[in-house]
Amino acid sequence: QVQLVESGGGLVQVGGSLRLSCTASRSTFTMGWYRQAPRNKRELVASISSGGSTNYADSAKGRFTISRDNDKNTVTLQMNSLKPEDTAVYYCHAKRWYNDMDSWGKGTLVTVSS
């Protein structure tokens, strides 16, 4: 299991930007961000492997950018042009290796308001 600490959530206006960061207690194979909006199930927002391969939800493409620093065991999600539909609790996610169990942060709330 990997311990994950998230930061960067908060309240932002429609069209604004927010940056989420997550620090892992050890090196990881993949890291990413999921979100769970009210009355919805948890969904993938973006993920990135240790080699730099990225995966984005269709709703995030063109607006969000995920990156990582393997030396610091951190992953960052830059979110631009935020919409009310982006409002959710965002959870950092990681795997130590491809067949490892999932590790989750406690979540950070992002609220996009007009």
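The exercises below, each with a worked solution, concern a predicted model.

**Exercise 1. The disulfide**

Find how many disulfides the model holds, which residues take part, and where they sit in the chain.

Solution.
- Step 1. A disulfide is a covalent bond between the sulfur atoms of two cysteines. The cut-off needed here is a pair of cysteine sulfur atoms within 2.5 Å.
- Step 2. C22 and C92 meet this condition, with an S to S distance of 2.0 Å. The count comes to one disulfide.
- Step 3. C22 belongs to strand 3 and C92 to strand 9 (residues 88–95), so the bond links distant parts of the chain, 70 residues apart.
- Step 4. The angle about the S-S bond is -90°, and the link of C22 and C92 is left-handed.
- Step 5. C22 and C92 are both buried.

**Exercise 2. An open sheet**

Give the strand order of the open sheet of four strands and state which strands stand at its edges.

Solution.
- Step 1. The order is 1-3-8-7, and the pairing is antiparallel.
- Step 2. Strand 1 (4–7) and strand 7 (64–69) are the edge strands. Each has a single partner strand, so one side of each lacks a neighbour in the sheet.
- Step 3. On average, neighbouring strands of this sheet are turned by 15° against each other, direction ignored.
- Step 4. Strand 1 pairs with strand 3 in the antiparallel sense over four bridges. Within this pairing, A24 in strand 3 is the bridge partner of L4.
- Step 5. Strand 3 is also joined to strand 8 (residues 74–79), by six bridges, and the two run antiparallel. Here S21 stands opposite T76 in strand 8.

**Exercise 3. The two faces of strand 1**

Sort the side chains of strand 1 by the face they point to, and say which are buried.

Solution.
- Step 1. The side chains alternate along the strand.
- Step 2. L4 and E6 point to one face and are buried.
- Step 3. V5 and S7 point to the other face and are not buried.

**Exercise 4. Salt bridges**

State how many salt bridges the structure holds, and work out whether the residues of the D86, D58 and D102 pairs are buried or exposed.

Solution.
- Step 1. Side chains of opposite charge can pair when their charged atoms come close. The cut-off is a side-chain nitrogen of Lys or Arg within 4 Å of a carboxyl oxygen of Asp or Glu. The structure holds five such salt bridges.
- Step 2. D86 pairs with R35, and the closest N and O atoms are 3.0 Å apart. D86 lies in the loop between strand 8 and strand 9, and R35 lies in strand 4; the two are 51 residues apart, so this pair links distant parts of the chain. D86 and R35 are both buried.
- Step 3. D58 pairs with K61, with 3.3 Å between the closest N and O atoms. Both D58 and K61 are exposed.
- Step 4. D102 pairs with K95, with the closest N and O atoms 3.2 Å apart. D102 has a relative accessibility of 41% and counts as partly exposed. K95 has a relative accessible area of 18% and is buried, because the cut-off for buried is under 20%.
- Step 5. R35 and D86 also belong to a network of salt bridges that includes E43 and R63.

**Exercise 5. A nonpolar patch**

Identify the residues that make the nonpolar surface patch of about 360 Å² and place F29 in the chain.

Solution.
- Step 1. The patch is made by F29, W97 and Y98.
- Step 2. F29 lies in the loop between strand 3 (18–24) and strand 4 (30–36).
- Step 3. F29 has a relative accessible area of 33%, so it counts as partly exposed. That value is also over the 30% needed for a patch residue.

**Exercise 6. Two residues and their separations**

For H93 and Q78, decide whether each is buried or exposed, and give the C-alpha separations of H93 from S49 and of Q78 from R26.

Solution.
- Step 1. H93 lies in strand 9. With a relative accessible area of 7%, H93 is buried.
- Step 2. H93 and S49 are 44 residues apart along the chain, and their C-alpha atoms are separated by 12 Å.
- Step 3. Q78 is in strand 8. With a relative accessible area of 18%, Q78 is buried.
- Step 4. Q78 and R26 are 52 residues apart along the chain, and 22 Å separates their C-alpha atoms.

Conventions:
Residues are numbered from 1 along each chain as its sequence is written. This is a predicted model: local features need pLDDT of at least 70, side-chain atom pairs count only at pLDDT 80 or more; totals for chains, interfaces and linings use all residues. Side-chain values use heavy atoms; hydrogens and water are left out. Patches are made of residues with over 30% relative accessible area and no salt bridge: like charges are joined within 9 Å, nonpolar side chains (Val, Leu, Ile, Met, Phe, Trp, Tyr) within 5 Å. Accessible areas come from the Shrake-Rupley method with a 1.4 Å probe; for residues, only the protein chains shown count as cover. Buried means under 20% relative accessible area, exposed over 50%, partly exposed in between (1.4 Å probe, protein chains only). Two strands pair if DSSP finds at least two bridges between them. Axes are lines fitted to C-alpha atoms, for helices over the stretch in contact, and angles run from 0 to 180 degrees between N-to-C directions.
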